[in-house]
2 protein chains.
Amino acid sequence: MDLHGKSLIGFTEAAAGETRFKALNPATGEALPGEFVKATEEQIARAVDLACSAAAVLRGVSGKNRGAMLRGVADSIEASGEEIVQRAHRESALTLDRLRGELTRTTNQLRMFASVCEEGSWVNARIDTLQPDRKPLPRPDLRSMLRPVGPVVVFGASNFPLAFSVAGGDTASAWAAGNPVLVKAHPAHPGTSELVGRAITEALLKSGAPDGTFSLLFDDGVAVGRSLVKHPAVRAVGFTGSQRAGRALMDLAAERPEPIPVFAEMSSTNPVFVLPEALRERGGVIAASLVTSFTLGVGQFCTKPGLVFVENGLQGDSFVGKVGDSASKLITSTLLTSGIAAAYHSGLEKRRAEIRLLAGGAAAEGCGANAAVFETDRNALSEELVEELFGPAVLIVRCSGLEEMLDFACKMPGQLTATLHGTEADLRDASPLVEVLQGKVGRVIFNGFPTGVEVSHAMVHGGTYPATSDPRFTSVGTLAIDRFARPVCFQSFPDEGLPGELKDANPLNILRLVDGKSTRERIAR
Amino acid sequence: MDLHGKSLIGFTEAAAGETRFKALNPATGEALPGEFVKATEEQIARAVDLACSAAAVLRGVSGKNRGAMLRGVADSIEASGEEIVQRAHRESALTLDRLRGELTRTTNQLRMFASVCEEGSWVNARIDTLQPDRKPLPRPDLRSMLRPVGPVVVFGASNFPLAFSVAGGDTASAWAAGNPVLVKAHPAHPGTSELVGRAITEALLKSGAPDGTFSLLFDDGVAVGRSLVKHPAVRAVGFTGSQRAGRALMDLAAERPEPIPVFAEMSSTNPVFVLPEALRERGGVIAASLVTSFTLGVGQFCTKPGLVFVENGLQGDSFVGKVGDSASKLITSTLLTSGIAAAYHSGLEKRRAEIRLLAGGAAAEGCGANAAVFETDRNALSEELVEELFGPAVLIVRCSGLEEMLDFACKMPGQLTATLHGTEADLRDASPLVEVLQGKVGRVIFNGFPTGVEVSHAMVHGGTYPATSDPRFTSVGTLAIDRFARPVCFQSFPDEGLPGELKDANPLNILRLVDGKSTRERIAR
């Protein structure tokens, strides 16, 4: 398919604008086919207007039909799957296998959210029935449920060109809740974005979705994103990326005449604590798995384990040695963009000046990157060293034992995840540590690795600031839908005037909280 | 009981500070007994430190024991009930009957939240069981639930000295979720605050709650509140009050190095739409009930109906005439504070200069206030006239019919409530209006009045900005607990290491989402 490079303003290709940019192949540095046109202010305004009209229609679309719409999008993306994956490979240097897996994750995710809105109980329907004889006053009939918030802006992420991008989790969950979505394409993979966007548009047209349900806007700078976030009709923002960019969006949204929520998933070093018995019993296995985890996707996962706490002593030395050995055997990989590569290399330089480089970390051409293993003591662990270094680097922190691990956990900034490797006895001893970690992270992992974020009901891809902007939510898993909905209560409405979810007969057969009891029963009145 | 006037820093009465203030009786202008001491920065720091220690303990307290703690507080407040009500009457000029009702509401609310945490299912426990044979990778065991956020700051509201103040809904819901609470007492009713605070402290000591579960801080200015909101260990803020003060807190919280959520319930004019058939059939009854509603509590409810839309024509004229007649017969009442009285009277002056004063609105001495009924046309309805005027005033807006009502709804700012009076046929005709209102308000009322906010499961006391800071939440009803909790996921934990809510056997017998199905069944593994 030839790339036209135009923003999609609802179902319409935008007329040409003046500023253009091209995608680069990070593996070769060469420009890829296709010229992408920065969206104009007029196009942004038009896209938001369409989204507002679509919002009014989508509010009335049943969960079943929203589900069908999401499934249609998934099918359409699959139909163009190989073309999308090939382009994503050239734009990201991620392997074809990884990208095929990510495509499946993306379409599965759309279908999972389809199931959620088809089943319907996610709206948290609550009914308090009329009590006409209550003293001193009757209790009115009250019925509440979650309703869509309105137009949602989503920023595509560089490191997941499919699963956290145009048709990723933010888009899927915002649609599932009944909202139109405006996506700002990530400039590192505009071709992938266009292909996915066109697949979406085709599916939406087929399913009869209103114009404005989806728009895709290009920009290789920050102006389009800023305009979208500042637009008075926009109601929420989803973002995955750096702490700097995420905080800028949070500030922008908070300064609006009418502030709106920004769900930013930002940075995390995902500390791993190797507990003593596990270190003794299977330190070698943990070391090998650690290397696989921190170099997965060239270390460009938000859940990359970047800090590993290991005791002083011979067992710890042996663990560290194994991590270093196995990391030093890895071949050079390619990072997503030249910006990421520059940040990675300057990060390595800074660390090298401060602490011990144990293995790897050799310079590389262009966007190339070599894995790097650093080591330091708990006492030498500065705040800067705790910050995320995006790319295949890990820092092993040697410490005297559990007390120092606990001390670090108490002081560390918010994280998406924390991991413990231990025996069951280790875990008992570490219960104060688990307690503290729970207060800061979204997910605590026992004997596993944080990379590989399951898309399911119980997943929490969240955590306290600066891991995310709002620790009360997750950006992965079915709970992510809650970000884009708000409760509305109907008082003393006749059955006829109520949404299906709240009608006496419970025609959608959803689970509801009726006078405080969870039930699918109908209401007698 | 003699009032000592000191802040309560955990279980300890604060040592004296330098700045003191007294409470005034708004009915007489006289200073009331008791001298209250502004909390010092040291005392604030100590209170937050205690709250942090308490948070670590409270996280581990069972829902049953948290429930018992809340019930103890309710009992203790009831035991001092008459003394509290008498003092509140002198500090607020609200009637004894109203305050007795409010006290019951407050203790019922504490017991309702006790039931919620005793029952336990509010934590939204979710379990995705291990799938060892899934391809391409096994699915790990994932279990998530809501956990407390940490220290919460609550600002007492002037207009509900009990139900939205020291032991009000914000405090009760934050405790129920397992958080310590720091209350900034409202300077208009410090004596009431002290009495309630001492009743709380007594109950907490009896129930063995940790020191720091509750602190009460005095200030007749804004410094103490600002310091609390800026303190790095504070995790969330609950506020009920003016839009100006609420927005200032939102901005302060957003500017922190680590931003935190502010749940501010601010201002609302709560539009009422009188639809044509209802106007013809029972305009007189609606007019009489409207006067009761907008003058209830001297018009000092956040849900006071401040704007009423009525058709042009004779039926509408008759409605307006009845509202005016019955309002003009009301006697002078007393507003809560001299500041509120000054704002009310300057608001009346401004309106009088712009639009027609239909009835009432005579000047009054001190904090006195007379009900006022204004009338204008849809075309003359400026943005300023749509803003809340706190006190017993109503503005009737004459319009040509449904189209103009809809047009207003599309343009109006966010509101806590909107009300329709109509027959079932009216409601059918007004369905586009209901649709638009749902997008802006927290509660839509049919054939009732917005004053009288039920404390129940289905209540939503929310709405879009500027009615509240965050439309995804409610500050009244059991759902209010969600403001002060965040999800945490445990991956591959052994049963022993999991909280009771997530253990295989479901020892707390709560409702959980297991592999997507809601159930109380145990997990086999």
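The expected span of a helix is 1.5 Å multiplied by one less than its number of residues. The exercises below apply this and related reasoning to a predicted model.

**Exercise 1. Determine whether the length of helix H11(A), residues 338-354, agrees with the expected span, and establish where its buried residues lie around the axis.**

Step 1. Helix H11 of chain A has 17 residues, so at 1.5 Å a residue it should span 24 Å, and the end C-alpha atoms, which are 25 Å apart, agree with this.

Step 2. A residue is taken as buried if 20 or more other C-beta atoms lie within 10 Å of its own; in H11(A) the buried residues are A:Ile340, A:Ala341, A:Tyr344, A:Leu348 and A:Arg351.

Step 3. Because these buried residues cover an arc of only 100 degrees around the axis, they are on the same side of H11(A).

Step 4. The other side of H11(A) carries the exposed residues A:Ala342, A:Ser346, A:Glu349 and A:Ala353, whereas the cover over the buried residues includes strands S16 (368-369), S17 (372-377) and S18 (393-399) of chain A.

**Exercise 2. Describe which way the residues of strand S8(A) point, and identify how the strand pairs with S7(A).**

Step 1. In a regular strand, side chains alternate between the two faces of the sheet.

Step 2. In S8(A), residues 181-184, A:Val181 and A:Val183 point one way while A:Leu182 and A:Lys184 point the other way, and all are buried.

Step 3. Strand S7(A), residues 152-155, pairs with S8(A) in the parallel sense over 4 bridges, and A:Phe155 has A:Lys184 as its bridge partner in S8(A).

**Exercise 3. Work out the relation between chains A and B, and characterise the side of chain A that touches chain B.**

Step 1. A turn of 180 degrees, with a shift of 0.0 Å along the axis, lays chain A on chain B with an RMSD of 0.0 Å, which is the relation of a two-fold axis.

Step 2. In chain A, the C-alpha nearest this axis belongs to A:Ala254, at 3.2 Å from it, and the same surface serves both copies, since 100% of the contact residues of chain A recur in chain B.

Step 3. The contact involves 59 residues of chain A and 59 residues of chain B; on the side of chain A, the largest share, 6 residues, comes from S21(A), and by class there are 27 nonpolar, 17 polar and 15 charged residues.

Step 4. Strands also pair across the chains, with S20(A) and S21(B) running in the parallel sense over 3 bridges, and A:Ile445 standing opposite B:Gln491 in S21(B).

Note on methods:
Residues are numbered from 1 along each chain as its sequence is written. Chains are lettered from A and ligands numbered from 1 in the order in which they are written. This is a predicted model: local features need pLDDT of at least 70, side-chain atom pairs count only at pLDDT 80 or more; totals for chains, interfaces and linings use all residues. Copies are superposed by least squares on the C-alpha atoms of residues with pLDDT of at least 70 in both. Two residues are in contact if their C-beta atoms, placed from the backbone, lie within 7 Å. Helices (H or I, at least four residues) and strands (E, at least two) are DSSP runs, numbered from the N terminus. Ala, Val, Leu, Ile, Met, Phe, Trp, Tyr, Cys and Pro count as nonpolar, Asp, Glu, Lys and Arg as charged, and the others, Gly among them, as polar. Two strands pair if DSSP finds at least two bridges between them. A residue is buried if 20 or more other C-beta atoms lie within 10 Å of its own, exposed if 12 or fewer, and partly exposed in between; C-beta atoms are placed from the backbone. The arc is that of the directions from the helix axis to the C-beta atoms.
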